[in-house]
Amino acid sequence: MRAFIAHSFAHTAQQQAVLHELFAVLDAYGIQGFSFVLSYPAYPKGSEKEMMQDALKELSSSDLLIAEVSNKEVGVGLEVGYAKAKGIPIVYLRHEESEYSKTVGGVADDQLVYKGGDLSELLAPVIEKWT
């Protein structure tokens, strides 16, 4: 099983602890975690079509989308919409101090709000549901 982790490119450094915890939980369940942002180099200006083709190809080969939307990003929203259209289950994840996204919340199969340090505990039952 493979989980595509959609998250903010601009806030990747700030989200390192959360991303590390996500990958650890997925690994504990034998699920391959994948982040497009962390796996591909930055695309130069003018290569947007290639970037999106690569991102959607990777998402299409995933069984689950975990959308970390503590920081709203157009790209993450696009990935959520694509996953919904493809029938890929969506887990909406955000920090409790972050603004709620009605659009992501409206299509997500599961929603998790974490405080920090409790993500593994919250995520485990959701992962068990999808495995």
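Which residues of S1 point one way, and which point the other way? In this predicted model, Arg2, Phe4 and Ala6 project from S1 in one direction, whereas Ala3 and Ile5 project in the other, and all are buried. In a regular strand the side chains alternate between the two faces of the sheet. Five of the five residues of strand S1 (residues 2-6) are buried, so the strand is largely enclosed by the rest of the structure.

**Strand pairing**

Strand S1 runs parallel to strand S2 (residues 32-34), to which three bridges join it. Within this pairing, Arg2 has Gln32 of S2 as its bridge partner. Between S1 and S2 the chain passes through helix H1 (residues 16-28), and this β-α-β crossover is right-handed.

S1 also runs parallel to strand S3 (residues 64-68), here with four bridges. Ile5 has Ile66 of S3 as its bridge partner. Elsewhere, strand S4 (residues 90-95) and S5 are joined in the parallel sense by five bridges, and Arg94 stands opposite Val113 in S5.

**The sheet as a whole**

The open sheet consists of five strands in the order S2-S1-S3-S4-S5, with parallel pairing. S2 and strand S5 (110-114) occupy the edges, each with a single partner strand, so one side of each has no neighbour in the sheet. From one strand to the next, the twist averages 20°.

**Helices on the sheet**

Two of the helices that pack on the sheet are listed below with the strands they touch and their direction relative to a named strand.

| Helix | Strands touched | Angle between directions |
|---|---|---|
| H3 (residues 48-60) | S1, S2 and S3 | about 140° with S1 |
| H6 (residues 119-130) | S3, S4 and S5 | about 170° with S5 |

**Surroundings of Ser35**

Where does Ser35 lie? Ser35 belongs to the loop between S2 and helix H2 (36-39). Is Ser35 buried or exposed? Its relative accessibility is 1%, and Ser35 therefore counts as buried, the cut-off for that class being under 20%.

Leaving aside residues up to four places away in sequence, Ser35 touches Ile5, His7 and Phe23. With His7, the side chain of Ser35 makes a polar contact of 2.7 Å. Ile5, another residue that Ser35 touches, is one of the buried residues of S1 and the bridge partner of Ile66 in S3.

Conventions
Residues numbered from 1 in each chain as written. Predicted model: local features only at pLDDT ≥ 70, side-chain atom pairs only at ≥ 80, totals over all residues. Heavy atoms only, no water. Buried < 20%, exposed > 50% of the residue type's maximum accessible area, 1.4 Å probe, protein only. Pairing = 2+ DSSP bridges. Right-handed = clockwise from strand over helix to strand, strands pointing away. Axes fitted to C-alpha atoms, helices over the stretch in contact; angles between N-to-C directions. Contact = heavy atoms within 4.5 Å. Polar contact = N/O pair within 3.5 Å; in protein donor to acceptor, adjacent residues only side chain to side chain.
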